[in-house]
Amino acid sequence: MKNLAELQAECTALGILVQTRGRASKKPYIAALRDSHWRRNHPDEPLPAQIMPMLLSSWEDLDDAQAEAIEQDHHAWIVQPKMDGVRALLHIEDGRVRITSRTVSEVTYRLSEFQDKLPHLAEGLSSLNGSILDGELVCPISRLDTGSTIAESSLQATMAILAASPHKARKFQEGQLAHVRFHVFDILRSCGQGVTQLPLKDRQDFLAMALRKQGNDFIEPVPSFVVNKPDIHRRIIDTGGEGTVWKKADAPYEPGRRVNHWIKRKRGIEIEAFVTGSKPGTNAHASVIGAVEFGIRKENGSTVSIGWVSSWSDEERRSMTVHDAAGITCLNPAFLGRRAVLVGQDESAKSRRIRHARLKQWIAS
């Protein structure tokens, strides 16, 4: 998108007067240019709704206490798999369908639209007139040949289709069984009724009702989970998913805002580290090692702790354990400095340690 000075210059060149208050921003200039272009090219038509989807915050910005509180709250949050696609809103209005993105065109200053490239998503929706659905556009295949490039992932394939001309986009999809699907996870309007102020749990009911009425096989709901949410997240990651989105069940939908009640939790990290310490176990593991500390070496030669691993089998705990003359549980010296690959869900913003760290494999010396 153009910078503020460029937008101001364009408004001046077109004779557009923009009233601003307070600190200068691009927003009023974009709105003025959008309205001017639309009136010039469509003098007898109202400007279609320009709605930005609600934006997500990141799990990595939570401190340990906040992350644990969300994981342990069994009722306030739901979890959905994070789709690896392109965010879009699907508008069904007056017998036609618009599919809008998050990006603003530098030509029209309206939200980019994809319906001409995805005509199959406009079918079977007449019963949902006056509705707006929020979701993700996802190509069902991970390898797409555009003639000039090969897309090697589902996201790349989706973006290649959306970047092509309408004719080529339809050709790619029809010729390679690559019809982009719309995975829906929220609803802003339901048959003319605005529902953004309702809590998510109520919007989910409206969404379920809407999806039962529609007749398009390329549109499907994103599943929601309300129990065993940390396990669901790990299972999605372990089966190759991108991650999860954690959503507060009683929160409204706030178009265009980045909110802290929708939190994306992406695929975890993998890092090579070495054993730096340990601590004894408790209760049934009181006589053996309970957790092992791993660290990495910084450029200045110092060692920094990056996580604790406590998910060991009884056999592994015994092999790691020795006792000194006083009977105190200590780490077997053979393990000190041993290198390994660790995996975890994310890195704590405060401590910079890996949360939920676990051993992937030991590295042969």
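In which sense do E4 and strand E5 pair, and over how many bridges? Strand E5 covers residues 111-113, and its pairing with E4 is antiparallel, over 2 bridges. I shall return to these strands after a general view of the protein. Please keep in mind that we are looking at a predicted model.

Let me start with the overall form. The protein contains 8 helices and 22 strands. Its radius of gyration is 26 Å, whereas the globule rule gives 21 Å for 365 residues; the protein is therefore more spread out than a compact globule. Taken along the principal axes, the box filled by the C-alpha atoms is roughly 90 × 50 × 45 Å. Of the 365 residues, 44% are buried. The accessible surface comes to about 19,400 Å², and carbon and sulfur atoms account for 50% of that surface. As for contacts between residues at least 6 apart in sequence, 64% of them join residues at least 24 apart.

I now turn to one sheet. This open sheet has 5 strands in the order E16-E15-E14-E19-E22, and the pairing is antiparallel. Strand E16 (303-309) and strand E22 (358-362) are at the edges; each has a single partner strand, so one side of each is left without a neighbour in the sheet. On average, neighbouring strands of this sheet are turned by 50° against each other, with direction ignored. At the E22 edge, the partner is strand E19, residues 339-344, and the two are joined in the antiparallel sense by 4 bridges. Within this pair, Leu359 in E22 is found opposite Leu342.

The same strand E22 leads us to the charged residues. Side chains of opposite charge can pair when their charged atoms come close. In this model the count of salt bridges is 17. One of them joins the side chains of Glu270 and Lys360, at 2.9 Å from N to O. Because Glu270 belongs to strand E14 (residues 269-280) and Lys360 to strand E22, this pair ties together parts that are 90 residues apart in sequence. Lys360 is partly exposed, its relative accessible area being 46%.

A second salt bridge is formed by the side chains of Glu71 and Arg265, at 2.8 Å from N to O. Glu71 is in helix H3 (residues 64-72) and Arg265 in strand E13 (residues 258-266), so parts 194 residues apart in sequence are tied together. Are these two residues buried or exposed? Glu71 is buried, with a relative accessible area of 12%, and Arg265 is buried as well, at 1%.

A third example is the salt bridge between the side chains of Asp250 and Lys248, at 3.4 Å from N to O. Here Asp250 is partly exposed, with a relative accessible area of 46%, and Lys248 is also partly exposed, at 28%.

Finally, I return to the strands of my opening question. Strand E3 (residues 86-93) and strand E4 (residues 96-104) run antiparallel and are joined by 5 bridges. They form a hairpin with 2 residues between them, and Asp94 in the turn has a positive phi of about 50°. Arg96 in E4 is placed opposite Glu93. Both residues take part in a network in which salt bridges with shared partners join Glu93, Arg96, Arg98 and Glu113.

E4 and E5 also form a hairpin, this time with 6 residues between them; Tyr109 in that turn has a positive phi of about 65°. Between these two strands, Val104 has Leu111 in E5 as its bridge partner.

Methods: Residues numbered from 1 in each chain as written. Predicted model: local features only at pLDDT ≥ 70, side-chain atom pairs only at ≥ 80, totals over all residues. Heavy atoms only, no water. Pairing = 2+ DSSP bridges. Axes fitted to C-alpha atoms, helices over the stretch in contact; angles between N-to-C directions. Rg over C-alpha atoms; globule rule 2.2 N^0.38 Å. Buried < 20%, exposed > 50% of the residue type's maximum accessible area, 1.4 Å probe, protein only. Contact = heavy atoms within 4.5 Å. Areas by Shrake-Rupley, 256 points an atom, 1.4 Å probe, with all protein chains shown as cover. Salt bridge = Lys/Arg side-chain N within 4 Å of Asp/Glu carboxyl O.
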